Structure formats: structure tokens, C-alpha cells
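Visitor: I should be grateful for a close look at a single part of this structure. Please begin with one local detail and then work outward to its surroundings.

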Amino acid sequence: MPVHQITDPDDDRIADYRALTDVELRTRWEPPHGLFIAEGELVLRRALRAGYPARSYLVDAKRVDQLADLDTGDAPVYAATQDVLQRATGFHVHRGVLASFHRRPLPTAAEVLTAARRVVLLEDVNNHTNLGAVFRGAAALGIDAVLLSPSCADPLYRRSVRVSMGEVFAMPYAKLDRWPEGLDQVREAGFMVLAMTPAPDAVPIQRLTPAQRERAALLLGAEGPGLTAAAQAASDVRVVLPMRRGVDSLNVAAAAAVAFWELGRDDPPFGGE
């Protein structure tokens, strides 16, 4: 595996990794250039297993051996000191391993819905940490796909990928181009749209009927504002997680995980038929 030493943080060969902490810059740079950044060895290996082609690798010079078993193909491997890495990326790369990958075309919402039994719908979830945590919970707790409103954050942004521990690569997802009108497409595909809200008149989620659970599309909003009135009006049932001690709501990723578990509580055990 040939390794190219980088001594200048402004070297054009590592332009993919420049200013990784600048969210606005990365949002303008990554999707238009068809790339995303994976941070950490475990995450980049999951991206490779999921079939994403690598553009390049950038590693701490002391950790080059961690990638010795990889078939890097035509993707160059760059190595640099921690000082150069920090000046190039804008943060201390304590995991020591970064990789730039080519994006793949997203499936359509119709394709995703056809292959799914239970999905999660996200409206305006723009916090990358929350988005990554929702993807990880969805993968672990029986959700088959994620559908995003047009203004949701990018699931392949570095922080989302890292928080999801690479589960964004395993979880099918698509965008609904029209919102909230796109919820009609979900309903027409045979799903029951369940809007999560702390409203006191909503149905406690554990009281949903078997028919309402059978093909559930759980709809969640952003941290703080929650779902818009238009999205709630376009849903079939408004549901709530009953709270105690006067707490009115949970972090969206925590609420999602509880709801995912509840919807799948009668599924066969892991590994079952």
C-alpha cells in the first residue's frame, strides 16, 4: 500500500478534508462534489462493506498500519502528523483515520417504501447528532427505512455518520420532494402515518391497535419545535409517549428509540424467523 506523506495542510491533494468543522462550507462542498467524509477506522470499514467507493484516505502517520490489510485500489493513502491534520481539518483527529468516499445515487421514495414494512419520517431534523442517533436507533430497533423532508440535514455529513456508527450506510433512505404532500405517497403505499407529539389529546403509543402498528410510518419533528401543524394534519393518528414527573418531551433521538422499540415489541427475537 503506497503512502504519500503530506507536510503542508494546504496541499491540494487533501482538499476533500479541509475545514471539516465548518458546517456551512462542508454543506456547500460535499453534496455538489459527490463526496462524504468518514471518521474512524470502524466507520470507514463499514462504508467500504456497504459498497461506497473510496476517493482517498488521510491518516495519522503513526496509524498507517491500521489500514495495511485494506485493498485501497486506486484511492491514494495520505499520511501526516497530528499537527498537519489539525491545521488542515480544523480539529484534533483523535481517531487518527479519515477517508473520503464517493456518494451513490439515492433511491426514490417509492423504491424505499416498496421494500419496507416499518419506516420513520423526519421533518426538518437539522441537528446532525440527532439525525445520526435516529439512524442508529432505527437500524437497531426494527425500522426498515428513513424518509426525509426536503429541509432535513444530510445523513452523510461527517457528524451524522460518526454518531450513527456507520449505520447510515446500512439503512435505506430517501427524500420526499414535496412536504407535507409527500405523506400521501407514504399512505398510498399502505402505511399508517403516526405523528409523534406531546399533545395531551394524542393516543398513548402503547394503545395503538394491531392494525395501526402493522405498517407504521412514524413521523418525528425537529428538537424544540416538533412537528408542524401541517404535518400533523396530514397524519393518520397523533401519538404520544406518556411522561412522568412533569417532563413534557424527550430528545428526538431518545423519543424515536422508545417508539421504535414499542412498535416492534411483538416482533420475533433477534435471529428469529
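Guide: In this predicted model, Asn251 caps the N-terminal end of helix H10, with a side-chain oxygen 2.8 Å from the backbone nitrogen of Ala253. H10 itself comprises residues 252-263, which makes 12 residues. From its first C-alpha to its last, the helix reaches 16 Å, close to the 16 Å expected at 1.5 Å a residue.

The buried residues of H10 are Val252, Ala253, Ala255, Ala256, Ala259, Phe260, Glu262 and Leu263. Ala253, whose backbone nitrogen takes part in the cap, is thus among the buried residues. As to what this buried set packs against, the partners include three strands by name: E6 (119-122), E9 (192-196) and E11 (216-220). Helices H5 (128-140) and H8 (210-214) also pack against the buried residues of H10.

The contact with H8 has a charged counterpart. The side chains of Glu262 and Arg213 meet in a salt bridge, at 2.4 Å from N to O. Because Glu262 lies in H10 and Arg213 in H8, the pair ties together parts that are 49 residues apart in sequence. Glu262 counts as buried, at 9% relative accessibility, and Arg213 counts as buried as well, at 8%.

The surroundings of H10 may also be placed against the record. The unreviewed UniProt entry carries the annotation "domain: tRNA/rRNA methyltransferase SpoU type", covering residues 119-260. In the model, the end C-alpha atoms of residues 119-260 lie 9 Å apart. Helix accounts for 32% of this span and strand for 19%.

The Glu262 and Arg213 bridge can be set beside others, since a search of the whole structure finds 21 salt bridges. Two of these are formed within a helix. In the first, the side chains of Arg26 and Glu30 meet at 2.9 Å, N to O. Arg26 and Glu30 are 4 residues apart in helix H1 (residues 23-33), so about one helical turn separates them. Both Arg26 and Glu30 are buried. In general, an α-helix has 3.6 residues a turn, so residues three or four places apart point the same way.

In the second, the side chains of Asp83 and Arg87 form a salt bridge of 3.1 Å, N to O. Asp83 and Arg87 both lie in helix H3 (residues 82-89), 4 residues apart, which is about one turn of the helix. Here Asp83 is partly exposed, with a relative accessible area of 44%, whereas Arg87 is exposed, at 52%. By contrast, Glu262 of H10, at 9% relative accessibility, counts as buried, and Arg213 of H8, at 8%, likewise counts as buried. Salt bridges that share partners also join Arg26, Glu30, Arg103 and Asp154 into one network.

Outside the annotated span, strand E5 (residues 97-102) deserves a word. E5 is mostly covered, with 5 of its 6 residues buried. Strand E2 (residues 35-39) pairs with E5 in the antiparallel sense over 5 bridges, and in this pairing Glu39 stands opposite Leu98. Strand E3 (residues 54-60) also pairs with E5 in the antiparallel sense over 5 bridges, where Leu58 stands opposite Leu98.

Notes
Residues numbered from 1 in each chain as written. Predicted model: local features only at pLDDT ≥ 70, side-chain atom pairs only at ≥ 80, totals over all residues. Heavy atoms only, no water. UniProt positions renumbered as here; feature names shortened; annotations may be inferred. Helix = DSSP H or I, 4+ residues; strand = E, 2+ residues; numbered from the N terminus. Expected span 1.5 Å × (residues − 1). Buried < 20%, exposed > 50% of the residue type's maximum accessible area, 1.4 Å probe, protein only. Contact = heavy atoms within 4.5 Å. Polar contact = N/O pair within 3.5 Å; in protein donor to acceptor, adjacent residues only side chain to side chain. Salt bridge = Lys/Arg side-chain N within 4 Å of Asp/Glu carboxyl O. Pairing = 2+ DSSP bridges.
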